[in-house]
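Colleague: Could you take me through one part of this model, the nonpolar packing and what sits around it? I'd like a close look rather than a tour.

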Amino acid sequence: MPTHILFDFDGTLVDSLDVAFTAFGQVGPELGCAPLSRERLERLRGMHALEVVHALGVPMYRLPQLATRMRRAMRDDLMETAPVRGIGEVLETLLQRGHRLGVLSSNARGSVREYVRRHRLPGLDAVVGGTGLFGKAAALRRQARRRGIDPERLVYVGDELRDLEAARDAGVRFAAVAWGYTLLESLAAGGPDFQCRHPRDLLSIDVEMP
């Protein structure tokens with residue numbers, strides 16, 4: 001039976017860590033955050049998003065403002081940033097195998113669609129955007145209902161602990177990737193259904209599904 005696979009955007013389809021680091025260097029100090037070094041960034045990659053926010057000294061009431069300004073600061077550079085190496089070929093193979101593909105992201109839908117078009121990523125016609133930092137669980141449940149499938153037939157591919165938690169809350173399967181924002185070791189501790197060290201490992205999803 002074909003699997004429905006939804007992908008996170010930042011860090012999962014597009015190698016955007018450097019873009020985010022640069023954007024935070026612009027936005028963070030304006031919101032009272034201390035400068036972020038590369039060494040500290042690597043330490044933060046083992047943490048949950050909420051722990052990162054706390055470590056950076058961002059008050060919770062300013063989190064929506066930070067997210068909005070970060071996306072605005074990242075947008076132009078993000079559009080010029082290449083997709084994760086090899087992900088286009090993997091998407092093409094998954095599509096040929098009969099999988100239904102899409103994107104579910106907290107980024108704006110229009111921005112994601114433009115990126116997908118510009119970089120010719122195949123099969124990602126269905127884009128759900130603007131979920132909010134912690135609204136992905138509800139969005140995943142809605143997608144399962146709209147597609148008329150059992151949630152266990154839906155796989156969410158992501159790179160953060162909040163992605164894993166959203167998948168668990170929604171009752172869908174989760175594939176953790178090693179090339180994004182959060183270290184795979186931290187994601188593995190949460191018990192994902194699949195662990196992918198390289199994009200080609202995503203091809204094993206249909207083999208392992210019941």
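Modeller: Let's start at Leu202. Setting aside residues up to four places off in sequence, Leu202 is in contact with Phe7, Ile87, Val90, Leu94, Val157, Ala175, Trp179 and Cys196. Bear in mind that this is a predicted model. Leu202 belongs to the largest nonpolar core, which has 50 residues, and it is listed with Phe7 and Leu124 as having the most contacts inside that core. Helix H1, residues 17–27, gives the most to this core, with seven residues. Apart from that one lies another core, of 19 residues, including Ala137, Ala139, Ile149 and Leu154. As a general backdrop, nonpolar side chains in soluble globular proteins tend to be buried together.

Now follow Cys196, one of the contacts of Leu202. Cys196 has a relative accessible area of 1%, so it counts as buried. Cys33 is buried too, at 5%. As for disulfides, the count comes to zero, with sulfur atoms needing to be within 2.5 Å to qualify.

Cys196 also leads to Ala178, which touches it along with Arg45, Leu184 and Arg197, again leaving out residues up to four places away in sequence. Ala178 sits in the loop between strand E5 (173–177) and helix H9 (184–188). Its relative accessibility is 25%, and because buried means under 20% and exposed over 50%, Ala178 counts as partly exposed. Then there's Gln195: its C-alpha atom is 7.8 Å from that of Ala178, with the two residues 17 apart along the chain.

Notes:
Residues are numbered from 1 along each chain as its sequence is written. This is a predicted model: local features need pLDDT of at least 70, side-chain atom pairs count only at pLDDT 80 or more; totals for chains, interfaces and linings use all residues. Side-chain values use heavy atoms; hydrogens and water are left out. Buried means under 20% relative accessible area, exposed over 50%, partly exposed in between (1.4 Å probe, protein chains only). A nonpolar core is a set of buried Ala, Val, Leu, Ile, Met, Phe, Trp, Tyr and Cys residues joined through side-chain atoms within 4.5 Å. Helices (H or I, at least four residues) and strands (E, at least two) are DSSP runs, numbered from the N terminus. Contact means heavy atoms within 4.5 Å.
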